[in-house]
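User: I would like to learn how to read a fold from a model. Please take me through it step by step.

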Amino acid sequence: MSARSRPTALLEAVLTRTGLDVDVARAGAELEGLVAGPWAAYEADPDGRRFALTESGAPFELSVKVAADGEMSIRYVVDVADHTRDLAGNAARYLQAAESATGLSEEVVGALMTRYLHDAPPGSLANVMVGVGWAAGNRRRSTIYLPAGWLDAGSLDRRLPEPTGLDQPAQVVGYDVEDAGLSSWKTYHWFAVDPTAPPPGRDLLPELALRVYDQFAARVVPAARERAAFRQRRLVAGAAQDRLFLFTRLWQLTDGPELLSLLTLLARVGLDLGVLRAVAAMAREHGMGMHLGMVAVGGHGIPSATFYFWPRGPGVSLKWAQ
């Protein structure tokens with residue numbers, strides 16, 4: 001058997017180092033099946049084969065979610081596309097990857113993709129992603145991420161299980177899958193930043209998201225304020241649960257005192273950030289050159305944050321987590 005790709009070796013090392021009670025061998029084998037080809041293409045031509053998932057163009061993202069109740073999960077997302085082809089040219093590849101990651105049948109996955117992608121404009125970028133998350137107790141959740149940026153708010157709502165209530169287009173729709181099948185869905189919307197005014201839909205944002213916004217919004221690069229953040233919306237029993245996703249470079253939270261201020265705020269609400277040191281140590285050991293690309297904050301009743309690490313490219317190295 002050939003050597004594992006560096007993303008797979010990193011995932012296995014992080015799962016082992018953090019001591020999560022999960023099937024590390026299975027997790028590694030599943031990731032390798034998804035990422036080996038795209039990662040080899042990226043390493044062979046890192047400047048030419050730019051994948052849509054990360055700012056650096058790498059086809060792999062590793063994330064860590066921590067919550068104030070001690071819950072933690074390790075997740076990854078893979079861009080499996082052949083980026084010499086458009087969205088339509090990747091249809092078979094996407095079906096295979098989504099079936100592999102989710103365990104859903106070809107019929108179910110095909111129907112889901114057709115619902116959102118059947119009228120995508122010709123030549124649309126190949127931006128379907130798949131991901132898997134692992135938590136203690138060998139709990140596993142997979143996700144299919146579908147692009148939706150060409151849909152207006154009405155067309156989007158007609159394709160979703162129920163309307164978002166935002167009257168706003170979404171860039172991405174995600175469907176989560178657990179052992180029993182499709183379990184939940186979520187949408188990702190651009191979230192305009194204006195430090196001089198209350199954030200839109202303030203009453204639906206969790207307290208932690210509001211605290212982070214109020215403290216750091218003024219740092220967002222003015223020219224990027226329309227697209228410096230995502231609002232993720234998940235409807236649970238008809239109730240909206242929102243999270244705020246920050247692109248660290250645009251919020252100028254890539255290093256130094258401001259990033260430390262953010263981490264301090266998160267620690268003060270009860271989040272154990274020690275796992276970040278484990279990620280930093282494993283990334284150095286496996287030569288991944290990771291940086292922090294995004295931070296998502298929220299949690300309804302229980303504060304939580306997710307840290308998204310991207311290979312290579314501009315941004316903060318993990319020296320701050322040492």
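**Reading the fold**

Analyst: This is a predicted model. Strand 6 (residues 181–190) and strand 7 (residues 229–236) pair in the antiparallel sense, over five bridges.

User: Which residue of strand 7 is the bridge partner of Lys186?

Analyst: Arg234 is the bridge partner of Lys186.

User: In what order do the ten strands close into a barrel?

Analyst: The order is 1-2-3-4-5-6-7-8-9-10, with antiparallel pairing. On average, neighbouring strands of this sheet are turned by 25 degrees against each other, direction ignored.

User: Which strands does helix 6 touch?

Analyst: Helix 6 (residues 207–216) packs on the sheet and touches strand 8, strand 9 (290–298) and strand 10 (304–311). The direction of helix 6 makes about 125 degrees with that of strand 9. Helix 8 (residues 275–285) lies across strand 1 (60–67), strand 2 (72–78), strand 9 and strand 10, and runs at about 160 degrees to strand 1.

User: How do I read a single loop residue? Is Thr248 buried or exposed?

Analyst: A residue counts as buried when its relative accessible area is under 20%. Thr248 has 3%, so Thr248 is buried. Thr248 lies in the loop between strand 8 (239–247) and helix 7 (256–268). Leaving aside neighbours within four places in sequence, its contacts include Leu253, Leu292 and Met294.

User: What radius of gyration would a compact globule with 322 residues have?

Analyst: The expected value is near 20 Å; the protein has 19 Å, which agrees. Of the 322 residues, 53% count as buried.

Definitions and conventions
Residues numbered from 1 in each chain as written. Predicted model: local features only at pLDDT ≥ 70, side-chain atom pairs only at ≥ 80, totals over all residues. Heavy atoms only, no water. Helix = DSSP H or I, 4+ residues; strand = E, 2+ residues; numbered from the N terminus. Buried < 20%, exposed > 50% of the residue type's maximum accessible area, 1.4 Å probe, protein only. Contact = heavy atoms within 4.5 Å. Pairing = 2+ DSSP bridges. Axes fitted to C-alpha atoms, helices over the stretch in contact; angles between N-to-C directions. Rg over C-alpha atoms; globule rule 2.2 N^0.38 Å.
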